Amino acid sequence: MAFQYILSLPAFSTISNRFETFTNSFTNKGRVDNSAKIRENMIKYGLKESKEHLIFGHGISNSNILTRKYFGRDTYLHNNYVELLYDVGLTGLLSYYSIFAWIFFKISKLLKEKKEYSQLFFVMLLIRLILDIGVVSYTEKETFVFLAAVSVYIKLNEQAERNFSDEQTVKSN
């Protein structure tokens, strides 16, 4: 619901249009532009070629070799999941997204406790994971700033909880 609202804002119209045509290319419904077809093929060939080096991948930032081979230009695969699988294999993909899994687990706990800003970070995390379908974010500084900020938020909340628990223990003695 929040994601749909955000995509309806004028500032996100390009993302919204790309997301719509991209999903249309997989569902075979609605309009599909050439860009969406190219992205669909990048995913298809990225998955196909990933099988050659499934465990460790072809090397960081080497997807341009694949795009040159199939599309005649040096670019990236426009999908963070496929890009990681191709570049660093299952090992790198699972390692990278294990950070997101840890954050998801910790934020979910903070959501249950109704901690301030936990909803914001939860929505931002979901948006990041959804956007990774159409962008490569593992090379972007902003991704790591976000991960660091959320990690600090989690650790500060855990420390505050420990301090509160320690104070309660001291008071009861």
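Reply: Let's fix one term before we start: a residue counts as buried under 20% relative accessible area, as exposed over 50%, and as partly exposed in between. Keep in mind too that this is a predicted model.

Me: OK, let me try that out. Is Lys114 buried or exposed?

Reply: Lys114 has a relative accessibility of 72%, and the cut-off for exposed is over 50%, so Lys114 counts as exposed. You'll find Lys114 in the loop between helix H5 (80-112) and helix H6 (118-131).

Me: What is the phi of Lys114?

Reply: Positive, at about 55 degrees, although Lys114 is not a glycine. Tyr117 belongs to that loop between H5 and H6 as well. Tyr117 isn't a glycine either, yet its phi is positive, about 75 degrees. With a relative accessible area of 51%, Tyr117 is exposed.

Me: And which class does Arg31 fall into?

Reply: Partly exposed, because its relative accessible area is 47% and that sits in between the two cut-offs. Look for Arg31 in the loop between helix H2 (13-27) and H3. Arg31 is 11 residues away from Glu20 in sequence, and their C-alpha atoms are 8.5 Å apart in space.

Me: Now helices. How do I read which way the residues point?

Reply: Here's the general idea: an α-helix has 3.6 residues a turn, so residues three or four places apart point the same way. Now take H6 and its buried residues: Ser118, Phe121, Phe122, Leu125, Ile127 and Arg128.

Me: How many residues does H6 have, and what does H6 reach from its first C-alpha to its last?

Reply: H6 has 14 residues and reaches 20 Å, close to the 20 Å expected at 1.5 Å a residue.

Me: How do I describe two helices packed together?

Reply: In general, you give the angle between their axes and the distance between the axes. For helix H3 (residues 34-50) and helix H4 (residues 63-71), the axes come within 11 Å and cross at roughly 120 degrees. That angle lies outside the 65 to 115 range for roughly perpendicular and is not over 145, so H3 is oblique to H4. The crossing of H3 and H4 is right-handed.

Me: Which residues make the contact?

Reply: From H3 it's Ile38, Asn41, Met42, Tyr45, Gly46, Lys48 and Glu49, and from H4 it's Leu66, Thr67, Lys69, Tyr70 and Phe71. Sorted by class, the contact of H3 with H4 has six nonpolar, three polar and three charged residues.

Notes: Residues are numbered from 1 along each chain as its sequence is written. This is a predicted model: local features need pLDDT of at least 70, side-chain atom pairs count only at pLDDT 80 or more; totals for chains, interfaces and linings use all residues. Side-chain values use heavy atoms; hydrogens and water are left out. Axes are lines fitted to C-alpha atoms, for helices over the stretch in contact, and angles run from 0 to 180 degrees between N-to-C directions. Helices (H or I, at least four residues) and strands (E, at least two) are DSSP runs, numbered from the N terminus. Angles under 35 degrees count as roughly parallel, over 145 as roughly antiparallel, 65 to 115 as roughly perpendicular and the rest as oblique. A crossing is left-handed if the near helix is turned anticlockwise from the far one by less than a right angle, and right-handed if clockwise. Contact means heavy atoms within 4.5 Å. Ala, Val, Leu, Ile, Met, Phe, Trp, Tyr, Cys and Pro count as nonpolar, Asp, Glu, Lys and Arg as charged, and the others, Gly among them, as polar. Buried means under 20% relative accessible area, exposed over 50%, partly exposed in between (1.4 Å probe, protein chains only). The expected span of a helix is 1.5 Å times one less than its number of residues.
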